[in-house]
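This report covers aromatic pairs, salt bridges and the contact between two chains. The structure comes first, and the text follows.

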Amino acid sequence: MSILEKIRKVDKNSNAYIFAYASGMVIIVALLLAFAATALKPAQQRNVETEKRVDILKSIGEANGVDQAKDKYDFVAGLYSKYIVDQLVVNSLGDTIKGVDAFNIELHNELSKPIEQQNLPMFVAKLDNGSVKYIIPVRGKGLWGPIWGYIALNNDLSTIYGATFGHKGETPGLGAEIATPTFQKQFVGKTIYNEANQFTSIKVVKGGADRSDIHAVDAISGGTITSKGLEKMLYDCLSSYQAYFNKLKKLSNGQE
Amino acid sequence: MGKSSEKEPLFSAKNLKLITEPLDSKNPITVLVLGICSALAVTAKLKPAIVMAISVTVVTAFSNLIISMMRKSIPTRIRIIVQLVVIATLVILVDLILKAYVPDVSKQLSVFVGLIITNCIIMGRLEAFALGNRPWPSFLDGIGNGLGYGLILIIVAFFRELLGSGTLLGYQVIPADFFVKNGGFYENNGLMILPPMALITLGIIIWIQRSRNKKLLEE
């Protein structure tokens, strides 16, 4: 009690007391929060992984029942290992790179490097009917922050089988619409190469795309900057894979 | 610390009142009109509203408790800063826990968890109650006010989700056959999803409460 009594007698409005009080408080709080953040990190990491797997599965339309699953982590991991048969890393020259785990590549780190040094991840999915899809992760800038997505291509490496997009904080009702199925459905069946095998990417057209245009989708009204960002994201990310795509195409043509 | 108060049972009538009063006649939202902004933002669906209610209750209860325990040592000149540090610490802890165990809800609540820090109810209770009362009553007062806030949130969210989406906690309540798109006659009220209807629902709740409880009417 003697210490407590001494503290009680201290002038609580003296500068020394206030200074000591504030410093002590901040140190205790910092230790507490640092401890909590470290202790909860593994659980948060699991959630981030699950979310990424769900996004990848959504692009091939195989993420049904995820919300109802009791143990989401195991359920998603099960689906993922069932459908995603291979994951590989390539570079912009079209070579495959060994020894890098495609799943753990942080795309925003890669995109900040010069293009020759980027490790580009790619996922190969095999559906129930035996068809093979190639899933390309994409990442870019929206209006307020990053936007990202996964594009699943048929094995002609041009026709889009499915697309899914996410965002950090685009305007709800406007830019955030890129995360809705209505917007994403537009991409199905569009192609990123024209008949002459030239890379066209997908245009996001303000005011509505021509229905017959197989390289374009409608932009979001009121979400112009997000739409533009999405178009740029698709062009930038998909174009890096061209060399590898060409290699794959040659390979499959050679076999036929 | 008087001897007579130490003998007071934990759940004496006076202490119980600290919990029950904020549910009705001293409700932080409908009577004191504090914490409206988050009440509008997170009530489009029932589940985030419930999580928000629990989070705010935890934060008010424990910040009240901690500040009350510290109240004799807090230098008055920096007391607001001390209160903010305690609240912010608790909110960050809640946010970390939500992110780890209910990630989808955490995503929906997004910035609003962080904004619990600025929820006027918490600061209000610290200033008005915890600084002048012993820890146990302060803790109860925090729980009471958190629950009072949560109760309104849940009532508003119940009606908004039911009428706006036809579901409750994500389960379809209004039979799917009723909907126009399935050949029925019913259509969800899209307006219920938007913030203005939260304000109107809240207004209706205040109206009902005041017509039942004449004491709340101003002269």
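Over all chains, the structure holds 11 aromatic pairs. Here rings of Phe, Tyr and Trp (its six-membered ring) pair if their centres lie within 6.5 Å, and planes under 30 degrees apart count as stacked, over 60 as edge-to-face and the rest as tilted. One of these pairs joins A:Tyr17 and A:Tyr21, with ring centres 5.7 Å apart and planes at 35°, so the pair is tilted. A:Tyr17 and A:Tyr21 are four residues apart in helix 2 (residues 15–59) of chain A, a separation of about one helical turn. Helices are DSSP runs (H or I, at least four residues), numbered from the N terminus. Both A:Tyr17 and A:Tyr21 are buried; buried means under 20% relative accessible area, exposed over 50%, and partly exposed in between (1.4 Å probe, protein chains only).

The rings of A:Tyr193 and A:Phe199 have their centres 5.7 Å apart and their planes at 65°, so this pair is edge-to-face. A:Tyr193 and A:Phe199 are both buried. In addition, A:Phe165, A:Phe183 and A:Phe187 are linked into a cluster by ring pairs.

The model is predicted: local features need pLDDT of at least 70 and side-chain atom pairs count only at pLDDT 80 or more, while totals for chains, interfaces and linings use all residues. Side-chain values use heavy atoms, with hydrogens and water left out, residues are numbered from 1 along each chain as its sequence is written, and chains are lettered from A and ligands numbered from 1 in the order in which they are written.

Salt bridges are taken next. A salt bridge is a side-chain nitrogen of Lys or Arg within 4 Å of a carboxyl oxygen of Asp or Glu. By this rule there are eight salt bridges over all chains. The table gives some of them.

| Lys | Acid | Closest N to O |
|---|---|---|
| A:Lys113 | A:Glu110 | 3.2 Å |
| A:Lys232 | A:Asp236 | 2.8 Å |
| B:Lys99 | B:Asp95 | 3.6 Å |

In the salt bridge of A:Lys113 and A:Glu110, A:Lys113 is partly exposed at a relative accessible area of 32%, whereas A:Glu110 is buried at 8%.

A:Lys232 and A:Asp236 are four residues apart in helix 6 (residues 224–239) of chain A, about one helical turn. A:Lys232 is exposed, with a relative accessible area of 54%, and A:Asp236 is partly exposed, with 34%.

In chain B, helix 5 (residues 79–101) holds both B:Lys99 and B:Asp95, four residues apart, which is about one turn of the helix. B:Lys99 counts as partly exposed at 40% relative accessibility, and B:Asp95 is partly exposed with a relative accessible area of 21%.

The last topic is the contact of the two chains. It takes 19 residues from chain A and 20 residues from chain B, where contact means heavy atoms within 4.5 Å. How many salt bridges are counted between chain A and chain B? The count is zero. Polar contacts are found there: eight residue pairs across the interface of chain A and chain B, both residues at pLDDT 80 or more. A polar contact is a pair of N or O atoms within 3.5 Å; within protein, one must be able to donate a hydrogen and the other to accept it, and residues adjacent in sequence count only if both atoms are side-chain atoms.

Note on methods
Helices (H or I, at least four residues) and strands (E, at least two) are DSSP runs, numbered from the N terminus.
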